[in-house]
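Trainee: Could you take me through one part of this model up close? I'd like to see how one helix packs against its partners.

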Amino acid sequence: LVGRDAAKLRATQELVAATAVQTLIIAADIQQAAECRRIVEEAHVAFGRIDALANVAGHAGLEPIAKVTEASWSAMIDTNLTAVVHLTAAAWPHLAVKGGTIVNVSSMASFDPFPGFATYAAAKVAVNMFTRCTASEGTKQGIKAVAVAPGAVETPMLRSMFNEKMIPGSRTLAATDVGQIVADCITGKRAFTAGETIQVKSP
């Protein structure tokens, strides 16, 4: 379990502890390539193997194209795309030992972007293509890859941009539902075509 907020990581670890599943929490900033490599190595040392990688971190913000800055573009790309690339590259040698699964969380914005989501949508389109490339290159090593593209998900990030009038709660997905799809792709409970982007539309 990786994130920048150690307190939130500990809280999540406590929730998982109820299932008796062993967890490792790593406080890190995935925008840094060196941190991505550290994450993978610490996980490998702790568990002795790596079977799957779930790239679920995301950064979004409403920003008209005319207002895009170098800093805002970098923040969008570094979290949503560059981190996926670096984490995948770092995990690759370990996943190639016995095969494994990579799940990248994309967005329905990569198919139908909301106004102000140009940079976010562009980053997620790139994630979709990177997933296809990962699946293609991973075939010989038994590495499978799939992207999951949810619509509006009820999260603090969503509510920082849209209030209930703009997107009612009845039109949002539960984060747990999206998480279940990710888990099912990893465990084999959900079948998918290598490299595909699974669209999960909001109600």
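Mentor: Let's look at helix 3 and the helices it packs against. Bear in mind that this is a predicted model. Helix 3 covers residues 70–98, and helix 4 covers residues 118–138. Their axes sit 9 Å apart and make an angle of about 10°. Angles under 35 degrees count as roughly parallel, so helix 3 and helix 4 are roughly parallel to each other. Their crossing is right-handed. On the helix 3 side, the contact takes in W73, M76, I77, N80, L81, V84, V85, T88 and W92. Helix 4 answers with T119, Y120, A123, K124, A126, V127, F130, T134, E137 and G138. Sorted by class, that contact between helix 3 and helix 4 has 12 nonpolar, five polar and two charged residues. If the spacing of those positions catches your eye, remember that an α-helix has 3.6 residues a turn, so residues three or four places apart point the same way.

Now for the other partner, helix 2, which runs over residues 33–47. The axes of helix 2 and helix 3 come within 9 Å and cross at roughly 35°. Helix 2 also passes helix 3 in a right-handed crossing. Here helix 2 brings A33, C36, R37, I39, V40, E41 and H44, while helix 3 offers A83, H86, L87, A90, A91 and H94. By class, the contact of helix 2 with helix 3 comes to eight nonpolar, three polar and two charged residues.

Conventions
Residues are numbered from 1 along each chain as its sequence is written. This is a predicted model: local features need pLDDT of at least 70, side-chain atom pairs count only at pLDDT 80 or more; totals for chains, interfaces and linings use all residues. Side-chain values use heavy atoms; hydrogens and water are left out. Axes are lines fitted to C-alpha atoms, for helices over the stretch in contact, and angles run from 0 to 180 degrees between N-to-C directions. Helices (H or I, at least four residues) and strands (E, at least two) are DSSP runs, numbered from the N terminus. Angles under 35 degrees count as roughly parallel, over 145 as roughly antiparallel, 65 to 115 as roughly perpendicular and the rest as oblique. A crossing is left-handed if the near helix is turned anticlockwise from the far one by less than a right angle, and right-handed if clockwise. Contact means heavy atoms within 4.5 Å. Ala, Val, Leu, Ile, Met, Phe, Trp, Tyr, Cys and Pro count as nonpolar, Asp, Glu, Lys and Arg as charged, and the others, Gly among them, as polar.
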